Amino acid sequence: MEKHVEQITTPIPATLYSYCVNGIHLVFGVTADGELKLFHFSNAEFDRENLCRKPCGEWKEEEKHWRENFIREAFQLVQVNFSGYNRPYEKHGNKYIATAPGYLLKYSDIREERTAEGDRLVITQKDEVTGARVESVLQFYDGLPIVRMYHTVFNDGQEEQTLEYISTFSYTGIEKEHRQNDPSYVSSDEKMTVVIPHNGWQKELTLKKYRFADLGMGQSQTKCYQRTSKTIEVTNTGNWSAKEYLPLGYIGNSAADTGLFFQIEHSGSWHYEIGDQNGHFYLAVSGPTETQSHWFKNLKPGESFTTVPAAVGVCHDDFEEAIGILTNYRRRIRRPNQDNEKLPVIFNDYMNCLFGDPTTEKELPLIDAAAKAGCEYFVIDAGWYADGNWWDSVGEWKESRKRFPNGVSEVTDYIRSKGMVPGVWLELEVMGIYCKKAEILPDECFFLRHGRRVYDRSRYQLDFRHPLVIEHVTEVIDRVVREYGVGYIKMDYNIEPGIGTEVDADSVGDGLLQHERAYLAWLDGIYRKYPDLVIENCSSGGLRMDYAMLARNSIQSTSDQEDYRYYATIAANAAAGVTPEQAAIWSYPLRDGTKEEVIFNMVNAMLLRIHQSGHLAEISKERFDLVKEGIDCYKTIRQDLKEGVPFWPLGLADNEDTHLAAGIRVPSGKIYLAVWRRGGEDTFRVPLQSAYPGKQLKVSCIYPENGGEVFRYEEESGDLVLRFPETYMARLFAVSPV
């Protein structure tokens, strides 16, 4: 950790504490009034002139005091808002700026520490008026330009305080950098962009890039200082953390070639916004809020609250570079486990196969076929616990003897006899409204609002703070592990209980956050008891794709998309949201499809985690052989994939794209590249020279082995030229420098 301290008199008198940690340039300022400022957080070096650059023209002498006031009003390290205190500065609307006691906090100290992960800063601020003390932890990771941060606010006063908002990351001046030695002003309309990862059921991982101006934050019409009530807001409220957006974002500044990216590590409500303040843009990132999430927390004297964590990193203005850093960071914070080391192939009987209607008779031929194809896990999906329709009666998780006359253990034993690890589907966080146990448990075991149980889709939401709930769900895990010998659980979650619960909580959002933290604590306990158990994180596909869950669970369901052609979009973009070795992608050959349909299905999954399904026992030998060949090929490259980072030579994929390409760069220098055609021209190009500037390349089609004469590498242009004669085709390539 490099550190430099200096005294400055302009633009305001302050002591600057400058740090350079793993390529992150941070500058804190302590003003003459004792206020702590975060002046700089970037991959670019600090230029103090950018703090006081006027958006247009030059400052007149009589305007200099405005400039100083602008700086005093902003740049807080953490925004904290208690009820009942004035916010005197101009804030306009719902913006999370000029919070109180946020603007009242005074610097106390900075501690520099060393941990197993890397350097750490612990910063303390205090406010004598409210009695607030805020301790901020910034944990760095050796070799990565990223910091994980969280804050704890303590009530050291004599009165109870109500916390309405606290940021995890707050940074003013995200637009302030310019290229070194370039004094010209470049408007934000020209240089500032944001990537927002849209998400939704069966349409996960749709990432879109916008100019600030496209989202209503334009400045070019005024060409001068402005402050508005507008913000760019991205919010999740509820227990599906990714039902509309992934909890991450990226901001690029093309004029300075700088990028700022972040990941909110929380499985519930969260919020981030981009707004303007005194001629600067700011970013505010947080967990739940009162305005957006119905959350507030009462702090009695001596009590404290800790924010949800977020990771924030810096890079050049390159989204792909940002995701590469995030990928390696995600591996660093993840629970060590064998699943992400070995990347076994999973067969699951659900998608385009049994669709929640399993029986012993149906499973046995599938088990034979899955073993023959080379699968290493076999998962019995939904329905094993009910004689008939099961949606609104789930909750006891006891086997159906009608479906499995000799019990589920007969089938799991058969799975093991074929050399595979058995698994089952569970949805432990809910009980159907007609579940017998739901009639016995007290109301306090469930989410309540207005004195009544919360319904969603004929299900109740269990509250993991209640000891009877913990007793129930732990008994189910113990039983399926010990009686059936399962080593894999697909843990699904198919409801959204909304804003939270009023039971033993200051606010319904507070109840939701307490429940979510209790669920994670329970999950940690399960892994301590069964360290080799694999738990798949599934929430109607990818609707809880976050790194509170994925720092624990080793594998993520990416989608319930039933059309393999649209699944290609999700597969191409999956590594933006999840490490490749955690991203489970369905491959489900149709009963009566074609060779190219099988190949397309397999290519979807082969750079991530193969989640095999489909009626493998009923398809033709020729098509089955293509499945087996794909799995065999995957086993030769999977040890590379677990160390690779994503690469998009045609840009991020969209459902409207006719040609897609996504790759994984691995440490050896090789790239594994998947290419798809979904209509459009039969001949198209994929540029490769950006990955290997000035080098000759060797390109080979590794799946299928006999893929036809469908490609050539053009040395002069550095393009991979493809001719896919059929409308829907895909191939997998290996690319390496000669």
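**Exercise 1.** In which loop of this predicted model is Pro 704 found?

*Solution.* Begin with the flanking elements: strand 39 covers 697–703 and strand 40 covers 711–714, and Pro 704 is found in the loop between them. Then turn to the backbone, where a cis peptide bond joins Tyr 703 and Pro 704, with omega at about -10°.

**Exercise 2.** Determine what the configuration of the peptide bond from Ala 100 to Pro 101 is, and where Pro 101 lies.

*Solution.* Take the torsion angle to begin with: omega is near 15° for the bond from Ala 100 to Pro 101, and this bond is cis. Next, place the proline in the fold, where Pro 101 lies in the loop that runs between strand 5 (80–82) and strand 6 (106–114). For context, most peptide bonds are trans.

**Exercise 3.** Locate Leu 205, give its phi, and decide whether the residue is buried or exposed.

*Solution.* The loop between strand 12 (192–198) and strand 13 (206–211) is the place of Leu 205. Although Leu 205 is not a glycine, its phi is positive, at about 60°. Most residues other than glycine have a negative phi. For the last step, the relative accessible area of Leu 205 is 0%, and because buried means under 20%, Leu 205 counts as buried.

**Exercise 4.** Work through the same points for Ser 458: its loop, its phi and its exposure.

*Solution.* Ser 458 is found in the loop between strand 28 (455–456) and strand 29 (459–461). The phi of Ser 458, a residue other than glycine, is positive and near 65°. Its relative accessible area is 31%, which lies between the cut-offs of 20% and 50%, so Ser 458 is partly exposed.

Technical notes:
Residues are numbered from 1 along each chain as its sequence is written. This is a predicted model: local features need pLDDT of at least 70, side-chain atom pairs count only at pLDDT 80 or more; totals for chains, interfaces and linings use all residues. Side-chain values use heavy atoms; hydrogens and water are left out. Helices (H or I, at least four residues) and strands (E, at least two) are DSSP runs, numbered from the N terminus. Buried means under 20% relative accessible area, exposed over 50%, partly exposed in between (1.4 Å probe, protein chains only).
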